[in-house]
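Visitor: Please give me a close look at one part of this model, the empty space inside it, and then at what can be said of the parts around that space and beyond it.

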Amino acid sequence: MDPSAYRLLRANSIKAIKSSKYQWINLKDAVELKKEIVSNSSELPYVGLENIESNTGFYVPSTKKKESFNSALKFEVGDILFPKLRPYLNKVHLAQFKGVCSTEFHVLKGKELNNLYLFTFLSSKLVVDQTTCLMTGNTLPRLQPKDVQKLPILLPPPNIQNHIASFMRTAYAQKKQKEQEANTLLNSIDDYVLKELRIEMPEAEEKKCFVVYAGEIEGRIDPVYMRNISKIRSLKTPYPLTPLGKLLIEKPQYGANERAVDGNPETDVRYIRITDIDDYGNLLNDWKTAETIDSKYLLEENDVLFARSGSVGRAFVYKSKLGKAIFAGYLIRFKFDLEKINPSFVLYYSFTKIYKLWLQSIQRTAAQPNVNSQEFQSLEIPLPPLDIQNRIVEEVNKRLIHISELRQEADAILEVAKKRVEQILLAER
């Protein structure tokens, strides 16, 4: 009786599939559903939903190995991992290695099908438009097994499947190449900024014991903090290391504790949360507003936001062209003296290894890592003249624009290829 299952989005997709000149069958007749369950095994790599990139299905390795789990499904090379949870994220994956995966996946093996073709079809708009309408549950919307098994699948002749697989393989390779170029350019920003500031990273030390003088202790005596702060203060740079707190025009302010709700970019004031900011100071597309708006939290041109909890250290420079916005409680607002420092220079310094070393040292590793306002103000930043700061900002801006262009080109390559697949499969009889 769920009305969402009868939405036109799903009905139109099914109609298009059944109107194709190619044969269609239910998914359960096109694949073998594999259910080999393993428990508490760390021998094979573990794949969770968080390890699969939306829309591309690319595997993203975890930074930490998953040591144990209650149960998981075993998969082989060429198997397809089809998600049960939040299918609109389109995290379908074609396995390139043997491993185990979360039970939030179905493990599918095609019957006499080109696996890359089957993966392409299952991650296409034709399927996502259906699964989006079939979710049940509010907090964790999932697909029911019987609905997955009934998904209609097109079965073109082997030569058509191979043709589709061939040009999709080329499209994925071209996309990866563009993304690799973007990542290389992004990684170059760190070295560029440090080179302009004439800073060299200190040598890594293997020793576990070192001397700390009483006069250097600032309320903390944990060894990681003292070791890393000592490294940072030993940096050689021609520019004065100046605490951020001495570059402010007013005290930092914590954000508003409000509930985020879906927003309208044309009429509402945007509510910026930590999760709306990526690791490189970009504002993501997810648009939210607060239930109530307090004017004291309204952002002004060149305000800098730092994440103080969770994704500690993420930073963002607000520009008025983004429209009116307020900021959430786990962010801190800094207003800098523009005669001394370019706020974007502070942002780009936060991309560097030095900043990340400081952040690793200063944050408290509670359930949620956190840093307070006083600790952020203690960050000593090399302060070159404004003309050098502006030159660094201008160059990094150019690189970031080029990175954005490369990523847009990468996404466009895949979108064009997917549309071509639909044209082939839905060609008139």
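Guide: What follows goes from the enclosed space to the open pockets, and then to a sheet and a few single residues.

This is a predicted model, in which local features need pLDDT of at least 70 and side-chain atom pairs count only at pLDDT 80 or more, while totals for chains, interfaces and linings use all residues. Residues are numbered from 1 along each chain as its sequence is written, and side-chain values use heavy atoms, with hydrogens and water left out.

Rolling a probe the size of a water molecule over the atoms shows where empty space is left. Here the search was run on a 1 Å grid over the protein atoms alone; a cavity is a set of points where a 1.4 Å probe fits but cannot get out, a pocket is an open set with protein on both sides within 12 Å along at least five of seven lines, and lining residues have an atom within 4 Å of a point. Grid points are joined across faces, edges and corners, and a volume is the space filled by probe spheres set on the points.

How many cavities of 30 Å³ or more does the whole structure hold? The search finds 1, and the volume of this largest cavity is about 50 Å³. Its lining is made up of Phe82, Pro83, Pro87, Asn90, Val92, Leu122, Val127, Val128 and Thr131. Two elements, β6 and α4, each give two or more residues to that lining (helices are DSSP runs of H or I with at least four residues, strands are runs of E with at least two, and both are numbered from the N terminus). The most comes from α4, with 3 residues. Sorted by class, the cavity lining has 7 nonpolar residues, 2 polar ones and no charged ones (Ala, Val, Leu, Ile, Met, Phe, Trp, Tyr, Cys and Pro count as nonpolar, Asp, Glu, Lys and Arg as charged, and the others, Gly among them, as polar).

Helix α4 spans residues 125-131 and also holds Gln130. Gln130 is buried, at a relative accessible area of 1% (buried means under 20%, exposed over 50%, and partly exposed in between, with a 1.4 Å probe and protein chains only). Leaving aside residues up to four places away in sequence, Gln130 touches Arg10, Ser13, Ile14, Ile17, Leu151 and Pro152 (a contact is heavy atoms within 4.5 Å).

Strand β6 (80-83) leads into a loop that runs to β7 (93-94) and contains Arg86. Arg86 is partly exposed, with a relative accessible area of 28%, and its phi is near 45 degrees, a positive value in a residue other than glycine. Most residues other than glycine have a negative phi.

Now the open space. The largest pocket has a volume of about 1,000 Å³. Among its 28 lining residues, Asp278, Tyr280, Gly281, Asn282 and Leu283 are the closest to the centre. At least two lining residues come from each of β17, α8 (343-349) and α11 (386-425), with the largest share, 8 residues, from α11. The classes in this lining are 13 nonpolar, 8 polar and 7 charged.

The second largest pocket holds about 470 Å³. It is lined by 16 residues, and Glu53, Lys175, Glu179, Arg407 and Asp411 lie nearest its centre. The elements giving two or more of the lining residues are α6 (158-196) and α11. Its classes are 5 nonpolar, 4 polar and 7 charged.

Strand β17 belongs to an open sheet of 4 strands in the order β12-β19-β16-β17, with antiparallel pairing (two strands pair if DSSP finds at least two bridges between them). β12 and β17 (315-317) are the edge strands, each with a single partner, so one side of each has no neighbour in the sheet. Inside the sheet, β12 (253-254) pairs with β19 over 2 bridges, and Gln253 is bridged to Arg333 of β19. β16 (304-307) pairs with β19 over 4 bridges, with Phe306 bridged to Ile332. Both faces of β19 (331-334) are covered: Leu331 and Arg333 on one side, and Ile332 and Phe334 on the other, are all buried.

Asn302 sits in the loop between β15 (288-290) and β16. Its phi is near 75 degrees, again positive in a residue other than glycine; Asn302 is buried, at 16% relative accessible area.
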